[in-house]
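This report introduces a protein chain to a reader who has not met it before. Please look over the sequence and the structure before reading on.

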Amino acid sequence: MRAMVLGAALMAAAPIQAQQIVTSPAPAKVAVTIYRAPDRDAGQAIDPAWLRGYALISEEREVMIPAGDATIRFEGVAAGMMAETALVEGLGAGVSEKNLDAELLSPRNLYARAFGRPVTLRRTDAKGHTREEEAIIRSAPDGAAIVQTKAGFEIANCGGLKDAIAYDGLPEGLNARPTLSIATHAALAQKARVRLTYLAWGFDWQAHYVVKLAPGAQAAEMTAWVTLANGDTTGFAQAQAAVVGGKPKFEQSREEPAQTQELVLHCQLSPVQAPLVETMPVYAPAPPPAPVAMMADVVVTAKRMMAPVVVKEEVLGDLRLYRVPMPTNVAAHAQKQVALMAARRVKLGLIHRADVDVGAQDGESRQARIRLRMANRKVDGLGLALPAGGVAVVQQVGAAALPVGEGAMDDKAVGETANIEIGASPQVRLESRTRRINDREEAITATVRNANRWPVHFESQQLLPDGARMVSASAKLGRQDGHPLWAVTIPAGGKVSLRYRLQLPR
């Protein structure tokens with residue numbers, strides 16, 4: 001106890017040293033693992049202006065930790081970082097605090113910090129003539145931009161002028177790059193290799209499949225691509241990139257960070273009272289959020305890259321991890337593609353489908369829907385976990401590959417069957433008619449016609465009323481989802497009919 005009291009007294013008597021700041025400008029190594037947006041459907045395209053997925057980012061940095069109290073600043077982290085998820089390992093000293101410095105350098109924050117300070121207005125008139133004059137910002141960044149010049153109070157971008165603002169310097173407290181700060185205390189100075197891991201919003205990924213049908217549509221050549229999208233202002237050079245397939249459980253317990261920090265100057269020509277402007281800032285109604293910068297599509301095609309880099313599949317619990325086998329740049333506000341599956345020959349079936357809803361409008365004729373059916377088995381050319389994504393089907397006609405249709409596929413494990421609806425078939429139509437026999441029985445006739453110059457495989461579920469029972473049929477029927485299933489091949493330019501009798505409930 002005496003030793004502790006003496007130590008405390010010595011510390012109290014010692015002079016207080018200035019807080020030391022150590023800056024790590026960039027990671028030595030970085031890994032980016034992207035998870036799909038949890039509420040986006042498999043067939044829904046990525047929206048570059050509003051990415052709702054997230055990424056697990058792991059960085060390795062070399063830092064020099066000084067003796068005593070210090071602040072270590074990790075610059076260049078993702079702007080969409082969720083600071084509460086940050087985990088710092090390998091410091092060799094106690095970590096007493098962590099904080100995401102949110103005041104980043106952006107047009108909007110720069111304008112907000114310059115309130116009441118002199119700036120330079122660069123004004124361009126309708127004829128393209130440009131002049132500069134001094135001004136003082138007198139309003140908040142949302143809505144109209146009110147400035148004071150030698151001529152008085154004005155609203156930027158009004159009266160046929162296009163205004164730009166030039167600033168004399170960087171206001172104190174703004175960071176040019178997203179930064180995470182942590183406080184440390186070390187007995188001795190030391191060099192450490194630190195691992196920083198955190199989650200960040202503003203990422204997404206999507207799988208895309210291309211199926212090129214062979215003649216007869218009984219087989220196809222199938223390729224698949226993975227599109228990685230980074231909507232963050234931070235890019236990651238030479239990163240170990242990976243994506244996670246499946247549907248991980250994710251509970252949102254906080255609001256998502258703003259996706260944009262752009263500045264939009266609006267011309268509002270409502271009267272402005274000068275005395276009010278002189279005494280306090282004028283706040284105008286906030287405009288809709290400005291869109292983020294459009295992403296650049298970076299597409300790697302087989303023509304440009306004869307041996308595409310193919311992602312490697314790994315098991316991640318109940319999910320699947322698809323890892324890019326070489327370092328790649330995950331650039332800011334950008335997309336890029338890598339191969340998920342090199343071209344391989346697969347077996348499939350092209351099926352025309354239209355169901356009979358007994359009790360619906362009698363004599364109604366409707367188009368069949370085209371389905372692509374694939375069994376995810378090695379013997380059929382697949383046999384690997386297939387992540388959800390869009391499917392484009394093309395048919396080779398001469399030297400051209402013509403589109404047949406587009407659809408979407410959910411996540412498919414090995415052994416599962418994928419039924420992908422790719423469009424309607426105006427050449428294959430189904431018509432059903434009902435004839436009443438008595439108060440307990442009905443006779444149904446379903447006729448399908450094929451106007452194509454080739455035969456097609458056709459399927460139709462017979463959706464019976466509750467309690468109804470099929471007592472006879474002109475063809476052998478199977479069952480699917482609890483309903484009778486009619487499966488038949490329709491010859492080219494021909495038709496086939498199914499007749500059956502129903503016993504209705506009392």
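The sections below go from the whole chain to strand pairing, salt bridges, aromatic rings and two individual residues.

## Overview of the chain

The structure is a predicted model. The chain holds 506 residues, of which 42% are buried. Its secondary structure comprises three helices and 32 strands.

The accessible surface of the chain amounts to about 27,300 Å². Carbon and sulfur atoms contribute 54% of that surface. Among contacts in the chain with a separation of 6 or more, 75% are between residues 24 or more positions apart.

## Pairing around strand 23

Strand 23 covers residues 365-375. Strand 21, residues 349-353, runs antiparallel to strand 23 and is joined to it by five bridges. Within this pairing, Ile351 is placed opposite Arg371 of strand 23.

Strand 23 also pairs with strand 26, which spans residues 417-436. This pairing is antiparallel as well and extends over 11 bridges. Here Arg369 stands opposite Ala424 of strand 26.

## Salt bridges

The whole structure contains 21 salt bridges. One of them joins Arg36 to Asp411, with 3.2 Å between the closest N and O atoms. The two partners come from distant parts of the chain, 375 residues apart. Arg36 belongs to the loop between strand 2 (29-35) and strand 3 (53-65), whereas Asp411 belongs to the loop between strand 25 (400-409) and strand 26. Arg36 counts as buried because its relative accessible area, 13%, is under 20%. Asp411, at 23% relative accessibility, is partly exposed.

A further salt bridge connects Arg123 with Glu133, the closest N and O atoms being 3.4 Å apart. Arg123 is part of strand 7 (residues 118-124) and Glu133 is part of strand 8 (residues 130-137), so this pair ties together parts that are 10 residues apart in sequence. The relative accessibility of Arg123 is 1%, and the residue is therefore buried. The side chains of Arg433 and Glu431 also meet in a salt bridge, at 2.9 Å from N to O. Arg433 is partly exposed, with a relative accessible area of 47%. In addition, a network of salt bridges links Glu60, Glu62, Lys191, Arg193 and Arg195.

## Aromatic pairs

A pair of aromatic rings is described by the distance of the centres and the angle of the planes. The structure has three aromatic pairs. In one of these, Tyr35 and Tyr54 are stacked, with 5.0 Å from centre to centre and 10° between the planes. Tyr35 lies in strand 2 and Tyr54 in strand 3, so the pair links parts of the chain that are 19 residues apart; the stacked label applies because the angle is under 30 degrees. Both Tyr35 and Tyr54 are buried. Together with Trp201, these two residues form one aromatic cluster.

Phe458 and Trp486 form an edge-to-face pair, with centres 5.8 Å apart and planes at 75°. Phe458 is located in strand 28 and Trp486 in strand 31 (residues 483-490), a separation of 28 residues. Phe458 and Trp486 are both buried.

## Gln461 and its surroundings

Gln461 is found in strand 28, which covers residues 456-463. Is this residue buried or exposed? With a relative accessibility of 6%, Gln461 counts as buried. Its side chain reaches the backbone oxygen of Gln480 at 2.7 Å.

Residues up to four places away in sequence left aside, Gln461 touches two stretches of the chain that include Arg353, Ala354, Asp355 and Val356 as well as Gln480, Asp481, His483, Pro484 and Leu485.

## Val358 and its surroundings

Val358 occupies the loop between strand 22 (356-357) and strand 23. Its relative accessible area is 9%, and Val358 is therefore buried. The C-alpha atoms of Val358 and Glu442 are 10.0 Å apart, although 84 residues separate the two in sequence.

Which residues is Val358 in contact with, leaving aside its neighbours within four places in sequence? They are Glu442, Ile444, Leu463, Leu464, Pro465, Tyr500 and Leu502.

Key: Residues are numbered from 1 along each chain as its sequence is written. This is a predicted model: local features need pLDDT of at least 70, side-chain atom pairs count only at pLDDT 80 or more; totals for chains, interfaces and linings use all residues. Side-chain values use heavy atoms; hydrogens and water are left out. Helices (H or I, at least four residues) and strands (E, at least two) are DSSP runs, numbered from the N terminus. Buried means under 20% relative accessible area, exposed over 50%, partly exposed in between (1.4 Å probe, protein chains only). A polar contact is a pair of N or O atoms within 3.5 Å; within protein, one must be able to donate a hydrogen and the other to accept it, and residues adjacent in sequence count only if both atoms are side-chain atoms. Contact means heavy atoms within 4.5 Å. Two strands pair if DSSP finds at least two bridges between them. Accessible areas come from the Shrake-Rupley method with a 1.4 Å probe; for residues, only the protein chains shown count as cover. A salt bridge is a side-chain nitrogen of Lys or Arg within 4 Å of a carboxyl oxygen of Asp or Glu. Rings of Phe, Tyr and Trp (its six-membered ring) pair if their centres lie within 6.5 Å; planes under 30 degrees apart count as stacked, over 60 as edge-to-face and the rest as tilted.
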